[in-house]
Amino acid sequence: KGHSVTRDPTADHEPGDLLFFSDRDDARVTHIGLALGADRMVHSSLMRGGIAIEQLLSADPYVTRLRAQCVDVRRVLS
């Protein structure tokens, strides 16, 4: 459930919004993060050694790749 709010991973998300990423040609979701607000996201990542908080505006190559792979940002309705 929920609704799409944007496809822009750097938009001003509300804490709790879900960010969906895909590294596949068919855009099937392969990774999900949880917005924390203030341009931050928490997610589980083997590349980061477990749970990580990312600054979505960072120039870090890993975060740059994540931004390019964002396919949707959704807000869950209660």
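## Arg-48 and Glu-54

Arg-48 is partly exposed, with 32% of relative accessible area. This holds for a predicted model, as do the values that follow. Arg-48 is joined to Glu-54 by a salt bridge, in which the closest N and O atoms are 2.9 Å apart. Glu-54 has a relative accessibility of 5% and counts as buried, because the limit for that class is under 20%. The acidic partner of this pair is therefore buried, while the basic partner, Arg-48, is partly exposed.

## Other salt bridges

Side chains of opposite charge can pair when their charged atoms come close. A search of the whole structure gives 6 salt bridges. One of them links Asp-26 and Arg-24, with 2.7 Å between the closest N and O atoms. Arg-24 is partly exposed, at a relative accessible area of 39%.

Asp-72 and Arg-74 also meet through their side chains, at 3.2 Å from N to O. Asp-72 is buried at 14% relative accessible area, whereas Arg-74 is partly exposed at 26%. The value for Arg-74 lies between the two limits, 20% and 50%, so this residue falls in the middle class. Salt bridges further connect Glu-14, Asp-17 and Arg-75 in a network.

## The largest pocket

Rolling a probe the size of a water molecule over the atoms shows where empty space is left. What is the volume of the largest pocket? The volume comes to about 160 Å³. The residues lining this pocket are Phe-21, Ser-22, Asp-23, Thr-30, His-31, Ser-45, Leu-46, Met-47, Tyr-62, Arg-65, Leu-66 and Gln-69.

Helix H1, which spans residues 61-69, gives the most to this lining, with 4 residues. Sorted by class, the lining of the largest pocket holds 5 nonpolar, 5 polar and 2 charged residues. Asp-23 and Arg-65 are in the lining, and both residue types count as charged.

## His-31 in the lining

His-31, one of the pocket-lining residues, belongs to strand S3. Is His-31 buried or exposed? With a relative accessibility of 17%, His-31 counts as buried, because this value is under 20%. Lining the pocket thus goes together with a buried class for this histidine.

The side chain of His-31 makes a polar contact with the side chain of His-43, at 2.7 Å. Leaving aside residues up to four places away in sequence, His-31 touches Leu-19, Phe-20, Phe-21, His-43, Ser-44, Tyr-62 and Leu-66. Among these neighbours, Phe-21, Tyr-62 and Leu-66 also line the largest pocket.

## Positive phi at two alanines

Which residues have a positive phi although they are not glycines? Ala-27 is one of them, with a phi of about 65°. Ala-27 is placed in the loop between strand S2 (18-21) and strand S3 (31-37). At 39% relative accessibility, Ala-27 counts as partly exposed.

Ala-38 likewise has a positive phi, of about 55°, without being a glycine. The loop that holds Ala-38 runs between S3 and strand S4 (40-45). Ala-38 has a relative accessible area of 57% and is exposed, because exposed means over 50%. Strand S3 thus borders the loop of Ala-27 as well as the loop of Ala-38, and also contains His-31.

Methods
Residues numbered from 1 in each chain as written. Predicted model: local features only at pLDDT ≥ 70, side-chain atom pairs only at ≥ 80, totals over all residues. Heavy atoms only, no water. 1 Å grid on protein atoms, 1.4 Å probe; cavity = no way out; pocket = protein on both sides within 12 Å on 5 of 7 lines; lining within 4 Å. Points joined across faces, edges and corners; volume = space filled by probe spheres on them. Salt bridge = Lys/Arg side-chain N within 4 Å of Asp/Glu carboxyl O. Buried < 20%, exposed > 50% of the residue type's maximum accessible area, 1.4 Å probe, protein only. Polar contact = N/O pair within 3.5 Å; in protein donor to acceptor, adjacent residues only side chain to side chain. Contact = heavy atoms within 4.5 Å.
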